Amino acid sequence: MIRNLVQGAVSGAVATAAMSLAMVAGQRAGLMADQPPKRITRAALPGRKHRPKPGEGVLGAAAHVGFGSVSGGLFGLMTGGRHAPVPLGAAYGLAIWIGSYAGWVPRLGILPPISRDRPGRQSVLAVGHVVYGAALAYTMNRLTSGRRSSRDTPAS
C-alpha cells in the first residue's frame, strides 16, 4: 500500500510538470492571463485575496506540485499497483478539474465556476487536467512495470 502511494505521488509530480507545460502553452497563446495555482496561492496568503503578493509564483508552483503529488498518491492507492489504463487517468484528471473549478475554487471566490469563466481559461484547464491524468497513469504504469519485472526476474 505504501509503495502504491509513493509511486502515485512521484507519478503525480511528473504529471504536474506535464500539465504545467500545457498550461504555460495556453497562457502564451493568450487563453488565460496567469496560472490558477498562483491565483489560488494568492488568495490563501494573508492580505487581500486578489492582490499580488511577494513569492506567490514560487509558492503557487510548489503548492501545485504538492496537490498533484497528493492526487497522484490517491490514484496510486485507488489502482492498488495494478495497470491503470491511460483513459482512466484522463478521466481522473477531468474529475479533479470539475471538482476544483466547479467546486471549491469558486466557492472560495478565487475564480468563477466553469460555466461563468472565460472559455479560453477553462479549455486550457480541461486539457491540462487530461494531460495530467494521462501522464499520471502512464508514469505509474512505467514505475509499476519496472517493479514487476524486477520482482519477477530470478536472482542470480
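**Exercise 1. An aromatic pair between two helices**

Does W104, at 34% relative accessibility, count as buried, partly exposed or exposed? Determine the class of W104, then describe the aromatic pair to which W104 belongs.

*Solution.* The model examined here is predicted.

Step 1. Buried means under 20% relative accessible area and exposed means over 50%, with partly exposed in between. W104 has a relative accessibility of 34%, and therefore counts as partly exposed.

Step 2. The count of aromatic pairs comes to two. In one of them, F67 and W104 lie 6.3 Å apart from centre to centre, with 45° between the planes, and the pair is tilted.

Step 3. F67 belongs to helix α3 (residues 56-79) and W104 to helix α4 (residues 86-107); the pair thus links distant parts of the chain, 37 residues apart.

Step 4. The partner is classified by the rule of Step 1: F67, at 41% relative accessibility, counts as partly exposed.

**Exercise 2. A second aromatic pair**

Explain why the pair of F75 and Y92 is called tilted, and state where its two residues lie.

*Solution.*

Step 1. Planes under 30 degrees apart count as stacked, those over 60 as edge-to-face and the rest as tilted. The planes of F75 and Y92 stand at 40°, so this pair is tilted. The ring centres are 4.8 Å apart.

Step 2. F75 is in helix α3 and Y92 in helix α4, 17 residues apart, and this pair also links distant parts of the chain.

Step 3. F75 and Y92 are both buried.

**Exercise 3. The overall arrangement**

State how many helices and strands the protein has, and describe its overall dimensions and surface.

*Solution.*

Step 1. Five helices and zero strands are present, which gives the order α-α-α-α-α from the N terminus on.

Step 2. The C-alpha trace spans about 60 × 30 × 25 Å along its principal axes.

Step 3. The protein has 156 residues, and 42% of them count as buried. Its accessible surface is about 8400 Å², with 68% belonging to carbon and sulfur atoms.

Step 4. Consider contacts between residues at least 6 apart in sequence: 72% of these join residues at least 24 apart.

Step 5. There are 18 positive and 4 negative charges, and their mean positions are 3 Å apart.

**Exercise 4. The largest nonpolar core**

Which helix supplies the largest share of the largest nonpolar core?

*Solution.*

Step 1. The largest nonpolar core contains 22 residues. Those with the most contacts inside it are M23, F75, Y101, V105, Y132 and L136.

Step 2. Helices α1 (2-28), α4 and α5 (119-152) each contribute at least two residues. The largest share, eight residues, comes from α5.

Step 3. Y132 can be examined more closely. Apart from neighbours within four places in sequence, Y132 has contacts that include G12, A15, T16 and M19, as well as G68, S71, G72, G93 and I96.

**Exercise 5. Contacts between A22 and V131**

Classify A22 and V131 by accessibility, and identify what each residue touches.

*Solution.*

Step 1. A22 is found in helix α1, and V131 lies in helix α5.

Step 2. A22 has a relative accessible area of 23% and is therefore partly exposed. V131, at 28% relative accessibility, likewise counts as partly exposed.

Step 3. Leaving aside neighbours within four places in sequence, A22 is in contact with V124, G128 and V131. By the same rule, V131 is in contact with A18, M19 and A22.

Step 4. A22 and V124 are 102 residues apart along the chain, yet their C-alpha atoms are separated by 7.4 Å. V131 and H50, 81 residues apart in sequence, have a C-alpha to C-alpha separation of 28 Å.

**Exercise 6. A buried loop residue and a buried helix residue**

Describe the surroundings of L111 and of T41.

*Solution.*

Step 1. L111 lies in the loop between α4 and α5. Its relative accessibility is 4%, so L111 counts as buried.

Step 2. Not counting residues up to four places away in sequence, L111 touches P36, R39, Y101, V105, P106 and R121. L111 and I40 are 71 residues apart in sequence and 8.5 Å apart from C-alpha to C-alpha.

Step 3. T41 has its place in helix α2 (residues 36-44). With a relative accessible area of 10%, T41 is therefore buried.

Step 4. Residues up to four places away again being left out, T41 touches E56, L59, G60 and A63.

Key
Residues are numbered from 1 along each chain as its sequence is written. This is a predicted model: local features need pLDDT of at least 70, side-chain atom pairs count only at pLDDT 80 or more; totals for chains, interfaces and linings use all residues. Side-chain values use heavy atoms; hydrogens and water are left out. Helices (H or I, at least four residues) and strands (E, at least two) are DSSP runs, numbered from the N terminus. Buried means under 20% relative accessible area, exposed over 50%, partly exposed in between (1.4 Å probe, protein chains only). Contact means heavy atoms within 4.5 Å. Accessible areas come from the Shrake-Rupley method with a 1.4 Å probe; for residues, only the protein chains shown count as cover. Lys and Arg count as positive and Asp and Glu as negative; His and the chain ends are not counted. The place of a charge is taken as NZ of Lys, CZ of Arg, CG of Asp or CD of Glu. Rings of Phe, Tyr and Trp (its six-membered ring) pair if their centres lie within 6.5 Å; planes under 30 degrees apart count as stacked, over 60 as edge-to-face and the rest as tilted. A nonpolar core is a set of buried Ala, Val, Leu, Ile, Met, Phe, Trp, Tyr and Cys residues joined through side-chain atoms within 4.5 Å.
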